[in-house]
Every structure is written in structure tokens, then in C-alpha cells.
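Biologist: Could we go through this model together, one question at a time, with the reasoning laid out before each answer?

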Protein chains: 2
Amino acid sequence: MFTVIGERINTTLKKVQAAVAERDADYIQNDVRLQTEAGATYIDVNGGARIGEEEGDMRWLIEVVQEATELPLCLDSPDPNILEMAYGLVKQKPMINSISLEKDRFDPMIKYLEGKECRIIALCMDDSGMPKTIEDIVSRARTLVEKLEQIGFKRDDIFIDPLIQPMSVDINNGTIAMDAVKIIMTELEGVHTTGGLSNISFGLPQRKIINRCFLAMMIANGYDSAIMDPLDKDIMGLMQTADMVAGNDQFCMNFIKGVRAEKIVS
Amino acid sequence: MFTVIGERINTTLKKVQAAVAERDADYIQNDVRLQTEAGATYIDVNGGARIGEEEGDMRWLIEVVQEATELPLCLDSPDPNILEMAYGLVKQKPMINSISLEKDRFDPMIKYLEGKECRIIALCMDDSGMPKTIEDIVSRARTLVEKLEQIGFKRDDIFIDPLIQPMSVDINNGTIAMDAVKIIMTELEGVHTTGGLSNISFGLPQRKIINRCFLAMMIANGYDSAIMDPLDKDIMGLMQTADMVAGNDQFCMNFIKGVRAEKIVS
């Protein structure tokens with residue numbers, strides 16, 4: 001079953017930032033309820049956009065969000081101190097967004113993660129920058145999985161983000177991501193792959209059809225999670241359809257349920 | 001570039017059959033013009049539905065269709081005598097639909113094809129019936145390519161149809177087709193893969209979203225042609241998007257052209 005990390009509670013979004021600044025719990029909770037009903041698996045919570053306010057904003061957000069949903073949270077911060085505080089507040093095993101191989105980020109994060117009961121998004125980024133080839137992505141995924149297994153993480157708790165690059169920069173960036181995901185899901189059996197998708201369409205028109213088409217094609221290669229907007233009915237419908245076509249929906253029951261709820265429309 | 005075999009001129013369709021019976025050239029030619037404008041690569045012509053009338057109907061159709069388009073035809077008949085007549089009428093190198101490994105069909109078709117200047121759709125069907133496994137599809141594809149190469153066919157002229165089976169019968173039928181296409185396109189480098197897609201959604205609701213989602217996922221595995229309705233804007237838009245994401249659209253030019261012509265809409 002596909003893991004949808006709902007991306008909407010993020011203070012880099014203007015309306016969310018305003019709601020957080022005004023401590024407008026109704027706005028946040030209404031959004032979280034909609035994401036929950038729409039099929040989110042995790043609610044990502046990012047309260048880092050107001051400089052100097054992250055600790056208070058995250059604390060408030062985590063409490064307010066958890067009043068509105070039973071879903072687990074995806075704690076989205078680069079700061080282990082913020083994550084430590086947030087971890088103490090969550091009611092369910094959270095996901096942490098994220099670790100990478102950049103030394104400045106890796107060392108404090110791996111120290112923070114040791115002994116924690118959580119899942120983790122692991123970015124295929126190191127100090128040489130964004131990955132450029134299939135081998136860049138796969139080799140970094142291997143290192144991330146190895147290091148996380150060393151501190152006791154199970155593969156089922158590791159979500160590798162291949163870091164999608166725009167098609168407008170290199171026409172092969174779609175196949176690089178797809179091939180890398182296929183190798184990761186085969187060679188590192190048991191891990192998950194996830195990430196934001198919209199970078200694929202950067203610089204191109206009609207971005208939404210590119211993003212959802214790409215998601216279906218990634219699912220054809222084993223991709224089993226995304227950081228996405230659960231309220232985008234078109235991408236959610238195509239995702240659920242692709243998940244069925246990929247053989248992940250026994251007796252097509254989720255698909256049929258989605259059709260009956262009018263969430264999947266031709 | 002993806003090869004679209006436009007499926008609309010087929011006398012099993014009621015309106016087409018009526019138009020053929022009445023020798024209504026306007027109806028046929030209007031449809032053919034629409035398919036051409038919509039991006040068809042071939043116009044499939046099937047005049048076999050009225051019993052005892054195939055020869056006259058095909059002769060009339062081929063002449064009428066060619067007056068309306070510059071596109072090559074896909075001659076759709078199981079009868080080598082009809083195909084021989086049709087072959088004499090076409091203005092451009094046609095595609096023939098189809099040969100299979102069923103003995104009754106294979107022997108006369110291979111004899112007919114020898115020395116012809118055409119492309120061919122080759123079905124992964126033999127006397128034991130429809131393929132059930134990846135290996136069924138791939139081994140039949142190997143045999144078809146071998147036999148067609150023996151009589152002088154180039155791989156670029158061979159379009160393998162893996163014969164899609166419904167998801168409602170076996171939840172793995174999507175991945176079986178995708179994996180088989182991936183192997184065929186790699187191992188038998190230079191051949192094409194094609195076929196009708198709509199069987200995948202037989203017995204399920206909201207079939208059109210399944211069909212187009214499946215097409216995008218097949219394209220992710222190398223599928224480079226389909227027998228389809230070029231007037232279905234949704235499937236054509238997703239096909240063109242998927243073809244770009246698969247890296248087949250240098251500088252995204254076809255995609256951008258499609259967007260400008262309002263053929264691709266988010």
C-alpha cells in the first residue's frame with residue numbers, strides 16, 4: 001500500500017504561515033481533517049519558516065494537528081533539537097524528515113536518531129551536491145541504508161528520496177530516477193522510496209499532468225511513497241490506479257472503494 | 001517517438017459498419033481527418049465485420065481513407081487474400097495486423113508476408129492459447145522475431161503485441177505485461193511493442209483512467225506503440241507526457257507543441 005505523506009502543513013506556504021502566526025487552530029485542523037479524509041498516511045509538519053519561532057511554532061502545530069487526526073506525523077526539520085522536542089510530543093511513532101549524507105547534517109542527525117522509535121526519510125544528497133547519475137543515487141542509498149542499519153533501523157522504516165531533477169535541465173532525469181528506484185527497490189529489498197515529485201516538471205508548462213504521469217511511471221518501477229498534496233484529486237486518483245496496476249491492491253479493493261467514494265474518476 | 005495506430009475505422013463499430021454499408025465516404029473521411037489531426041501515425045482499417053462483404057468493403061475503405069489522409073494504413077484482416085488485394089491498393093508502406101503463432105494463422109501469413117514491404121503486428125498467441133506468464137510472452141516474442149527475421153524482416157518493422165490480460169482476472173496481469181515488455185525491448189533490441197490496452201480494465205469500473213494510467217506505466221517500461229483512439233484527448237495527452245518523461249522527446253519539444261495546441265491539459 002502506497003504511503004502518502006501529506007505536505008500541506010508547511011509554514012513556507014503563506015496561508016499556513018499566517019494561520020500559525022495567528023494561532024488559528026481552526027484553519028490548521030480543517031486542513032488536516034481534509035488531508036486525513038483524502039487518504040494521507042502521514043501528516044508532514046514543518047514549522048521552520050518563521051525565523052527564531054520554529055520551536056514555539058512546531059510545539060503548537062504538533063498539538064493542534066494531533067487533536068484533528070489519528071494519523072502519525074512526519075516531523076520536518078533539519079534541527080535535531082527541534083526534533084527532540086517534537087519527538088516528545090507525538091502520540092504515535094513518527095517519521096523524521098530528513099537525513100542526508102552532507103556531513104554537517106549527517107553527524108548530528110545520526111546521533112539524534114540512535115535509539116529513537118521512528119521512520120526516516122533519507123535524501124540521496126552528499127557534500128558533492130545533488131545526484132547526477134543512476135549510480136550517484138544508488139550508491140548514496142546504499143550508504144544511507146548501511147549507516148541507518150548500523151544504528152538499528154529496520155529497512156521498513158527507511159524511506160529513500162532519490163531527489164528528482166527537472167526534465168527541463170536534462171531529458172534523462174525521468175529515466176534516471178525511475179531506473180534508480182527500480183535498482184534500490186530490488187537490491188535493497190525492504191526499504192521504501194519517497195520524495196517530492198514536482199521538481200520533475202520545473203520550467204515546463206502544464207506541470208500537474210507531468211507530475212501525476214511521472215508518479216504513475218515511478219510506481220511502475222516500485223516507488224511506494226510520495227510527499228504530496230492529498231487534496232489534489234487528480235494525482236491521488238492516478239496514484240491509486242497505478243498502485244492497483246502495479247499489483248499492490250489485492251482484488252482491486254482499494255481501487256473499487258476509491259471509485260465508490262468518487263475519489264477516482266475517469 | 002510513440003507510434004499511434006488509430007483504431008476507429010473498424011466495421012465491428014456500429015456507426016462505421018452503417019457508413020460502410022451505405023458507402024458514406026463523408027463519415028469515414030471526416031473520422032480519418034480527425035484521427036490524423038489528433039496525432040495518429042497509422043490508420044487501422046478493418047472491414048471484416050459484414051460477412052461475405054470483406055473484399056468489397058476493404059477495397060472501398062482503403063480508397064476512401066487514402067483520399068482523406070497522407071498517413072500509412074494498418075491493414076487489419078486475418079485473411080491473406082484480402083491482405084494481398086489491400087496491399088496492391090496502398091500508396092505507402094503499410095502495417096499488417098496481424099500474425100500469431102497459431103498454426104492455422106501462422107503458415108498462410110508467413111507465406112503471404114515473404115517478400116512484402118511492410119511492417120507487422122505479431123501477437124504472442126500460440127495454439128495453447130493466451131500467454132499466462134512473463135516467460136510465455138517473451139518466448140513467443142523470441143520465436144516470432146526469429147521467424148520474421150528468417151524471411152527478411154528488420155526488427156524496426158516488427159511490432160510485438162504481448163496480449164494484455166484483465167487485472168480483474170489476476171492482479172498480476174499488469175506487472176506481467178510490463179515486465180515482459182521491458183525484457184522484450186531490452187533483449188530483442190530494435191523491435192517495437194504495441195497492442196490494444198483496454199483489456200487491462202475489463203470487469204472494473206472507471207475503465208478509462210485505468211487504461212491511460214496503464215499506458216503511462218507501459219511506456220515507463222519501453223512500450224512504444226499502441227492500437228488506440230487518437231480522439232481520446234485524455235489518453236493522448238498522458239501518452240505524450242509519458243513519452244517525454246521516458247526521455248523520448250528531445251528538449252520536450254513535442255510536449256510543448258502539444259500544450260500549445262491545447263492537446264495536453266493538466
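The questions below move from the sheet to the domains and then to the contact between the chains.

Biologist: Which strands stand at the edges of the sheet in chain A?

Modeller: This is a predicted model, and in chain A an open sheet of eight strands follows the order E7-E6-E5-E4-E3-E2-E1-E8, with parallel pairing. A strand at an edge has a single partner strand, so one side of it is left without a neighbour in the sheet. The strands that fit this description in chain A are E7 (192-193) and E8 (225-228).

Biologist: Within that sheet, which residue of E3(A) does Ile43(A) stand opposite?

Modeller: Strand E2 (residues 42-46) and strand E3 (residues 73-76) of chain A run parallel and are joined by three bridges. Helix H3 (residues 54-68) of chain A lies across E2, E3 and strand E1 (3-10), running at about 155° to E2(A). In the pairing with E3(A), the residue opposite Ile43(A) is Leu73(A).

Biologist: Turning to chain B, which residue of E4(B) stands opposite Leu75(B)?

Modeller: The sheet of chain B is open, with eight strands in the order E7-E6-E5-E4-E3-E2-E1-E8 and parallel pairing. Strands E3 (residues 73-76) and E4 (residues 95-99) of chain B pair in the parallel sense over three bridges. The residue of E4(B) that stands opposite Leu75(B) is Ile96(B).

Biologist: And what angle does the direction of helix H6 of chain B make with that of E6(B)?

Modeller: Helix H6, which spans residues 134-150 of chain B, packs on the sheet and touches E4, strand E5 (119-123) and strand E6 (158-161) of that chain. With the direction of E6(B), the direction of this helix makes an angle of about 155°.

Biologist: Which side chains form the salt bridge between the two domains of chain A?

Modeller: The domain assignment of chain A gives domain 1 (1-92) and domain 2 (99-209), and their centres, taken over C-alpha atoms, are separated by 22 Å. Nine residues of domain 1 and eleven residues of domain 2 take part in the contact, and the two domains bury about 870 Å² between them, 66% of it on carbon and sulfur atoms. Across this interface the rule finds one salt bridge, and at 3.2 Å, N to O, a salt bridge is found between the side chains of Lys116(A) and Glu84(A).

Biologist: How are the two copies related, and which residue of chain B has the C-alpha nearest the axis?

Modeller: Chain B is superposed on chain A by a rotation of 180° with 0.0 Å of shift along its axis, at an RMSD of 0.0 Å. The two copies are therefore related as by a two-fold rotation axis. In chain B the C-alpha nearest that axis lies 2.4 Å from it and belongs to Met217(B).

Biologist: Which three residues of chain B supply more of the area that chain B buries against chain A than any other three?

Modeller: The contact takes 41 residues from chain B and 41 residues from chain A, and because 100% of the interface residues of chain B are also interface residues in chain A, the copies meet through the same surface. The area buried between the chains is about 3,200 Å², of which carbon and sulfur atoms give 73%, while the count of salt bridges between chain B and chain A is zero. The three residues, which supply 21% of the area that chain B buries against chain A, are Ile171(B), Val245(B) and Ser266(B).

How values were computed: Residues numbered from 1 in each chain as written. Chains lettered and ligands numbered in written order. Predicted model: local features only at pLDDT ≥ 70, side-chain atom pairs only at ≥ 80, totals over all residues. Heavy atoms only, no water. Pairing = 2+ DSSP bridges. Helix = DSSP H or I, 4+ residues; strand = E, 2+ residues; numbered from the N terminus. Contact = heavy atoms within 4.5 Å. Axes fitted to C-alpha atoms, helices over the stretch in contact; angles between N-to-C directions. Least-squares fit on C-alpha atoms with pLDDT ≥ 70 in both. Domains from an automatic or database assignment. Buried area = accessible area lost by both parts, 1.4 Å probe. Salt bridge = Lys/Arg side-chain N within 4 Å of Asp/Glu carboxyl O.
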